[in-house]
Every structure is written in structure tokens, then in C-alpha cells.
Amino acid sequence: MTSIIRQGEQNQADLQQISNYLPAVIYQFLLHPDGSHEYLYISPSCQQIYEREPDEIQRNSTLMWTLNDHQQQQSLIQSLLSSAQNLTSWQRQWQYQTPSGKIKFLSAIAHPRLQGNGDIIWDGLIIENPGPPSHQDFYRFSSKDFDIESVNRFHDQQSTPKNELLNHQIESQKPETFLEEKEEFLWNIYNGVEQVIFVVAVIDETEFRCLGWNPKTEKITGLKSTEVYGKTFPDILGSVEGEKVLTRYRECVQAKTTLQYEEEIYFEGKQTFSLTTLNPILDIQGKVYRIIGTSVEITARKQAEIALKESQIRFKRLAENVPGVTYQYHQYNYSGEGCFTYLSPKCLELTEIEPELILKNANFLWKLIHPDDLNGFVDSMAEAVDTGKPWQHQYRLITPSGKIKWIQAGGSLGKQPDGSIVWDGLLLDISDRKLTEAAWQNSEQQLRELAEREKIQNCIANLIRNSLDWNQILETTVEEIRQLFKIDRCYFVRYNSELTPPEWEIIKESKASNLNRISELYPGNALHPISEIVLQGNLIQIDQVITCDIPEIRNFLTILEIESILIFPLQIQSGEIGALVLAHCQETRPWTSQEVELLKAVINQLEIAINQAKLYKESQESAWVATAKTQELEQTLAQLQQAQIQLVQSEKMSSLGQIVAGIAHEINNPVSFIFGNLTYAQKYFDELLSLIELYQQHSPHPHPEIVNKLEEVELDFITEDLPRLLNSMKTGAERIRDIVKSLRIFSRLDEAELKDIDLHETLDSTLMLLESRLKEQPHHPAIQVIKQYGILPRVECYAGELNQVLMNLLTNAIDAVEQRNKGRSLEDIIADPGIIWIRTLFTDSQQVQIRIADNGIGMTSEILSKIFDPFFTTKDVGSGTGLGLSTSYKIIVEKHQGQLTCISEVGLGTEFVVEIPKQQAIREEGTEGKIRNRE
């Protein structure tokens, strides 16, 4: 009997070792008749699955499984009652959350055994599923207490005779029976688990023999456990595969700890992959004498991983060898926001930025796009999204080192169910190709320029051969040069040193049809220092007038509205000096070195042609003088020449007057037409408005379509705004009419006219014209205008010119406020906004006073002393002529016998004070400088 018990204990110990290392929880659950319950046994693998120690769950049984709601709790109780009543197997599946937050899907199976004292013991197994179970078997567990009252009622219903019978059976049981049942329980688990389990006997560190394996292993290998018992693993698996597993067994024995690894085994010509766990069993001396192994087949997963890895290697090799950068871009929305999900390694070579940085933030790539190409890049992508067609676009990148590269971009796009877009494409560096194209184009351009150069040189050479008329030579030359260089003006000027003072005269001019002819005579001192530079024989080349370093030249050319100019001096053998002038007015036009060289060659040819023509003319004059018979004829000729000069001068002034009068007349006709129809427009509008009001009065409930149309056109707004619009048009027409009157005064076709005006109405009209600059802008709030109007009589003045003064002063105030706002944040501007004050009053001395103040940047005393000087300005080049305040000063002081003063302090602002008499004095005819007041 003792030997049997010992043998049973040894078998139980072996099975106990298996249960300890089995990837499942073995448990015994005891339910007493009074409803109390406890776990008699929980295997150590509980810690692996539940992340809790067995004794923790034994102290609190609800940690094994708990339920989320009452319905699931009742379902569990009913399943336990059914298992207890029928003594049938109990099975459940549920979801469990470990203390670390992991979600696991668990399955349980248990067999009940009724004890003689009425207790019921369930021997069970809990395993972890790879995925969620089916819906009908799925339960979520919570931390509620496990209610077992229904099971208690079941025990109360059990019959006493049956319990007595079981008690009698228990008393008759022997010790070996308990061992046999325990062993049977462990063997059932060993045989029923759906995992490979095998036992290895460790003879020493070099010899290992198989002690068998479970039915699952038999099914996989096709070998019974009895067939492999006692055999070495090379005998079972072959020498190659056997040596592989022996290496692992040796590692486990040496480490004396659990060893887990993935292995590849070829068994009977079949390749399998497994996740194997080796658990060493130690004897009393601490020596490993057994190894319990478990294994899960992962062949399908490994084959998928291998295939994926091979595919990735092929794709990587392809991406690395493709000329250019392959990419994948995930665009989240229509605005283009997104991220790169793949960039091939050649991205670094192309962009000089590591691909990892761009994968983290796509802006690293977008910021490289050349600013001039950015809009086209965005538009091309948007077009591809709209049309769904493959994307093709060329643009430039500026790399971090400053290199400019041309990129040929292409890609296809796929719209995703969530509305996003995935772009797959290729970026190619086409900089070399672009350089080749540019070189070819440059070569073509050089050939074209050479051909044009030869053309104009041949043209002038032909003129020299075919004509000795220097007027014709000059006329043809300026026309050909203007057409060739596509400029607005080309003219030839001559320096007349015989006049006092000497003057520059325009001899021949070719101009664009939309431009007016410029004055024919310019005094030499008026062209300082241009005149001095040309007279010294130096070339003048100005690509951009506003950047010219010499203020006198810049201001003079700005008045002539010239943007770029090129002046070549030319000296004739007779000592006369001239110049060929090329000017462009529409926009800036840089002059290339090739163009300058071409023009120098033209000048050389032109000098020869003019000298030849002059020589011919001089020879003719000499011959004519030689044949002249008397001094009287020479004097007569001199008188005729003098008369001719006077006639030319008179004709010039007459032509200038006619031009001005013609311009005034041409402007006056359409303005009169507009001005004359404004009254009728106002009348028709009033009549239409009255008609609409009658409709609204007699038809208070119009058709819905009419109501919608009224809301769409905003009738109330039109009713309110149109009168102001007509008044504004009237004011504009009056302003144009005043300008026409000024032109007539200049041409002496009309006389100056005084009129009585409402000064407040004039101020309001001027403010309305400036409303676009006063209203709120994206970078600053509206400029406030505070009007403090006094009681004024009607003022007799030159209304148009006074309006010009008010416009200049208000414009300067706005400029000063805007200049102050530069460099200030939007919050600072809102806290301290720009303000313009307008005050009017009537003084005791019968003077009308207008004060216009601002809180702009202010002026220093040095600037304040110069503000009324002509051409003096504090604005940026090209933003002002410096004539506004000087003109205003003349209008107020000289024309209206008033005063214009200015008060300013840096940082506080500026105030202009205008004072004019209520009624203008009349100058007495025949008495210079003498005036008298009106009665």
C-alpha cells in the first residue's frame, strides 16, 4: 500500500509540475450548502493570465469573474444551477480587464462533483482566447459581488437520504482514492488542452530523452506518445532538427529558468513554426531533471511575416533604385493639410532634409517650394483633386544650402471612404534638363539679338549710303530703336549752346501711341545734373528711377513719369553735342549689357551718318554762300532766320494753348453729359421709389417671389444709399468741371469764378471720397473721425481749389496715422486707435477757420520748416511728389488771401490750421497789388 501511495505521489508531482507551467488556469471551486464558497486550488499560471497571485483571488473570489449587469449575473447563476442539478459540465466565455488595463477574452470549462456532505466541487480550466467569442456566448464582467442565493435554494431542495448515502461513500474511501482522483483530474486537463505539451527527461546536460507528449502533439506529429517514449530527439526529428531542439534544452538547463522562443522545424518534409516555452523542473538538490514544454503553432503568422518582409525588401530595393523620390501623401482635407506616410531614401539627396523629418512634419518640404511657384503648385493639386486625373507639375525647390532645383512631380490620387485622399507618386530632379533648355534658349536669344543688331546696323549703313538728309537719318533711327527694344519713347536731343541760357532741344521723337509728346525745349540748368553728365561724354543708365541715388535726377524723371532711362552722348565733328534717349514709362525695364553694347555700335554708326550729312549740308551752304552776290542777301537771310525762330516760338505757344483748350473741351463734354443727367436720375429714382411705396401701401402682402427679390436686392439699403451715391457722383463731376475750368484759365478761354459754398458740406463730401481709407482694414480698425463743426456762414471761395486743399490735408492726416500704426500690434491699435479731429469756427475778424488734427507720428522742427517747399516730402520714394502742401499753401495764401499754418510734435500728432476770409476782396483794375473789400 505504501508503495502505491508513493507511486501516486510521484505521478501527482509530475502532473503538478505540468499544471504549474501550462498556459491555462486550473482551479477547484467549492460551494457549500449554506451558500458560502471558496477556491480550494488555483494554479500559479493565474498570474500570467489574470495578472494576480492565486492567494489574492482565493481571498476575494469575485476577482475570478464578475458581471456588468443583473441580467448577466442571473444568466451565470442559472448556468451554475443547471450544472449542479444535472452534474453536467459547465462552460462560459467572457471579457476580462486586467489590473494593467489589458482586455482579454477568456473561456472556462468545469466538471462538478457532489460530495457526501452536500458540497459541490467544480474542477475547471480557464484559457485565454486569441480573439472575442461569438456574441451569444460573450459577457462583460464588472466588480459586483457574486450573488449565490439561488444556488443556496438549490441545496435546500436536496434530499437527506442522498446526502447520507454520499457520506457513507466518503467514509469508505481510502487515501489512494483521493490521489487517483487528483491524478485523473490533472490527466484530463493534460489530455484535453488544445496546445502541444511534451515532457523531456534530463539525464545530464548532454543527454535528453522524450517521456511522451499529449494527444494534441500526437495529432500534429502523427506519432503516439508511446512510440517516442524513451527516445532521443535526433531519433524522432532527425539529426538536423534534433540538434536544434537539443541546443534549446541545454540553454534551459544551464539557465534553470523558463525559456521562450520561436522555432522552425522540418518534420517529415513539412515546415512548421512554433512559439515554444520550456519550463525546467528542479529536484531537491536544485538540479534540472525534467523539462515541461508547451508549444503554439504560428506557421500561418510566420509565413505571412516572411512574405511581407520579402515584399518590403523588394519594394525598398525598387524605391532605392528608382531615379527620384517615391512618396505617399495622405491628404486630410481639400485645403491640402496632411502628412507623408512614405518617402524613399533619395529624399535626402533631392531636398537635403532627412526623410524622417518630413514624415513627421510635411511643412519641411512645403517650405522649400519657391515663392513664385507656390500658387501654381497649390492650384495644380486642387485641379487634380477636382478632375480626378493624374497630377503632373513642374516647380522649383530652394534647398537649405540655397540651391535651386527644378522638380518634375507626378502622382495618382485615390479618394478614401472618409473623404481623405492618398497620393502615390514620384519626384524627379530635372535641373540639368532645365539648364540645358535655358542654355539653348539663351543661345537662341543671343542669335536673335545678333540678328537684330546686324539688322539695325545695316539699316543705318544703308541710310548713310542712300541718304544725306540727317533729319531722315534721325527719324528712322529713333523709330527703329523703339520698335526693336519695345520701349515707350526714343528721341534725339541737341544741345544748343548759343542760347542764353543754353537749352536742350528735342529734334526727333518716336513714342507709343497712348503717350503725349513732351516739351521740345529744356533749359540746361533745369536738367542739372543730367546735362553736366552728358556734356562730359558719360553714359547715363538708370534701370529703376525710384532707386536713383541723385535726388534731382529722380525728381525730374518722376515728374516726366519715366520708370527707366538710357542716355547715350553723341558728339559731332562740328562741335555740336547731342544725345540719344531711350525711356520706358509703363513699368521698370532693366537694360542688359548686350543691349548697351548694341546701342554703342549704333551710336558709332549714327555719328558717322550725321557727320556725313552735316558735311554735305555745309558743302551745300558753302556753295550757296559762294554764289551769293551781295551782303544784302545775307542780311535778308539772317532776318528771315530770326523771324522763323520767332514764328516757331509763337507757334509753339499757340499750339500749347490749343492743346490745353482741346483737352478741356474734350473732358468738359462727357462731364457735362454726366452732370446734366444726374438731376434726371435723381428725379427718376424718386418717382420709382414713390411707385414702390404705393405698391407696398396697396399691396401689403406681395407674392413670395417679390418678397424674396426685395430681400435679395436689399431695397431699404438701396433707398438709403442711392441718394448718397448720386451726390457723390455730382461732387465728382463738379470736381472734374473745376479741373476743366482750371485748364481754361490756363488757356485763357474762361475767367476765374468765385462762389458761395457750404464748407461743412464740402468737408463731408471730401470725407466720403476718403471713406475707403478711413474704414476698417484687416490689419487695423477704422480711423475715427471726430467732427466738431461750429456755426458757419456760407463762404465765398474758389470751391474746387479749396476742396483740393482739404483733400491734401486729410490725406496727409490719414498717412500720418497709418505710419504710426506700422510696427504696432492689432491689440495696441485697438487700445489707442487712430483719430482725426475736424473743427470749424467763425472768428470775430470775419475769418473762417478750419483745423484738421491727427494723432499720427508728428514731425520734427526741421521737417516742419520745409513742408511747404516744392518737391519736399517725407514719404517713401514713389509715394508722393512733394507738391501737395506747396500747392495748398499757394491756394490758401495767394488765391484766397488766407493763412495755412502747421503745429506738430513728434509722437503726439499734427494740426493744420486754415484761415480764409468769409468774403474775398476784389482787386481794382489798373492798380497793381491794390485790393478793396466788397461792400
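1. A residue counts as buried when its relative accessible area is under 20%, as exposed when that area is over 50%, and as partly exposed in between. The structure discussed in this note is a predicted model, and the burial terms below follow those cut-offs.

2. Glu-911 has a relative accessible area of 15% and is therefore buried. Its salt-bridge partner is Arg-851, with 3.3 Å between the closest N and O atoms. The contact links distant parts of the chain, since Glu-911 belongs to strand β28 (residues 909-917) and Arg-851 to strand β26 (residues 847-854), 60 residues apart. Arg-851, at 24% relative accessibility, is classed as partly exposed. The pair thus joins a buried acid to a partly exposed base.

3. Salt bridges with shared partners also connect Arg-433, Lys-434 and Glu-437 in one network. For the structure, the count of salt bridges is 26.

4. A second link between distant parts of the chain involves Lys-787 and Asp-764, whose side chains form a salt bridge at 3.2 Å from N to O. Lys-787 is in strand β23 (residues 784-788) and Asp-764 is in helix α25 (residues 759-769), with 23 residues separating them. Because its relative accessibility is 45%, Lys-787 is partly exposed. Asp-764 is also partly exposed, at 31%.

5. Glu-243 and Arg-250 form a further salt bridge, in which the closest N and O atoms lie 3.3 Å apart. Glu-243 is partly exposed because its relative accessible area is 38%. Arg-250 falls into the partly exposed class with a value of 24%.

6. Phe-673, Ile-674, Leu-725 and Met-729 make a nonpolar surface patch of about 390 Å². Two elements, α22 (631-698) and α24 (715-747), each give two or more residues to this patch. Met-729 is located in helix α24, and its relative accessibility of 37% places it in the partly exposed class. Membership of a patch requires over 30% relative accessible area, a cut-off that the 37% of Met-729 satisfies.

7. The cysteines deserve a separate remark. A disulfide is a covalent bond between the sulfur atoms of two cysteines. Searching the whole structure gives 0 disulfides. Cys-252 is buried, because its relative accessibility is 0%. Cys-490 likewise has a relative accessible area of 0% and so counts as buried.

Notes. Residues numbered from 1 in each chain as written. Predicted model: local features only at pLDDT ≥ 70, side-chain atom pairs only at ≥ 80, totals over all residues. Heavy atoms only, no water. Patch = residues over 30% accessible without salt bridge, like charges linked within 9 Å, V, L, I, M, F, W, Y side chains within 5 Å. Areas by Shrake-Rupley, 256 points an atom, 1.4 Å probe, with all protein chains shown as cover. Salt bridge = Lys/Arg side-chain N within 4 Å of Asp/Glu carboxyl O. Helix = DSSP H or I, 4+ residues; strand = E, 2+ residues; numbered from the N terminus. Buried < 20%, exposed > 50% of the residue type's maximum accessible area, 1.4 Å probe, protein only. Disulfide = S-S within 2.5 Å.
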